[in-house]
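User: I am new to this structure and would like a close look at a single part, the surroundings of the ligand. Please take me through it in one connected answer.

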Amino acid sequence: MPDEAPTPLRSGNFQATPLPLPGPLLITLRPFADARGAFAETYSRRDFRALGIAEEFVQDNQSLSRHAGTVRGLHFQAPPHAQAKLVRVLRGRILDVAVDLRAASPTFGRHIAVELAAEYARMLYIPVGFAHGFATRAPDTEVAYKASAPYAPEADRGLAWDDPALGIAWGVGPQQAILSDKDRRLPRLAELGPIF
Ligand SMILES: Cc1cn([C@H]2C[C@H](O)[C@@H](COP(=O)(O)OP(=O)(O)O[C@H]3O[C@@H](C)C(=O)[C@@H](O)[C@H]3O)O2)c(=O)[nH]c1=O
């Protein structure tokens, strides 16, 4: 029944909801509000294992993007340095995107896009085999993410964010998007060759 909402899994203070592509998960946090403000767990190895996320996360990253319309991506590390990622927004708002690059996947080349914001209390889990990127939708947006393998610059690869074959509705056009020089030169999907 395609119209039925997918059933979320729960463990502890976390809920994981499957997305239209098999693999990525939308993880919902449980904020505890009180007179001082709020508290939330953002990662628990025990609960993530119970939700089917088996990776050990070994590196935490954080980026600040000053302007709305900043695009970072689409990035991945090639095997044997491939990374699963767990992405959340500390301040501001992003459209977070993951593109399926698993050669044997029936959804190869397709993507999921999820809006993340600090106040939404949710995160995106992206398994190995996906390219990842985001567009900021507010100024001074801070994104924090965990990675399951250490940074390996020699394995750092990417895919053009605006490749028409991907058909991603970023909400920002090529004239307005703010990109790194590196990201402006990334190849299209058809030029990539098999990675995963
Ligand atoms: C990703 C990374 C970068 N760096 C350095 C390299 C460079 O001088 C500087 C900025 O790197 P980048 O331009 O690659 O940063 P950025 O464009 O923000 O790259 C990130 O984009 C998002 C979408 C991801 O998914 C991440 O995995 C990562 O690829 O930081 C590290 O030292 N460690 C790291 O893990």
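Analyst: The residues around the ligand, counted as near if the C-beta atom, placed from the backbone, lies within 6 Å of it, are Asn-61, Ser-63, Arg-72, Gly-73, His-75, Lys-85, His-132, Gly-133, Phe-134, Tyr-151, Ser-180 and Lys-182. This is a predicted model, in which local features need pLDDT of at least 70 and side-chain atom pairs count only at pLDDT 80 or more, while totals for chains, interfaces and linings use all residues. Residues are numbered from 1 along each chain as its sequence is written.

The shell divides into two nonpolar, seven polar and three charged residues, where Ala, Val, Leu, Ile, Met, Phe, Trp, Tyr, Cys and Pro count as nonpolar, Asp, Glu, Lys and Arg as charged, and the others, Gly among them, as polar. At least two shell residues come from each of strands E6 (59-65), E7 (71-77) and E12 (130-136), strands being DSSP runs of at least two residues, numbered from the N terminus.

His-75, a member of the shell, is found in strand E7. His-75 is partly exposed, with 18 other C-beta atoms within 10 Å; 20 or more would make a residue buried, 12 or fewer exposed, and partly exposed lies in between. Leaving aside neighbours within four places in sequence, His-75 is in contact (C-beta atoms, placed from the backbone, within 7 Å) with Ala-131, His-132, Gly-133 and Gly-158.

Tyr-145, found in strand E13, counts as buried with 22 C-beta neighbours inside 10 Å. With the same sequence neighbours left aside, Tyr-145 is in contact with Asn-61, Lys-85, Leu-86 and Val-87.

How values were computed
Helices (H or I, at least four residues) and strands (E, at least two) are DSSP runs, numbered from the N terminus. Two residues are in contact if their C-beta atoms, placed from the backbone, lie within 7 Å.
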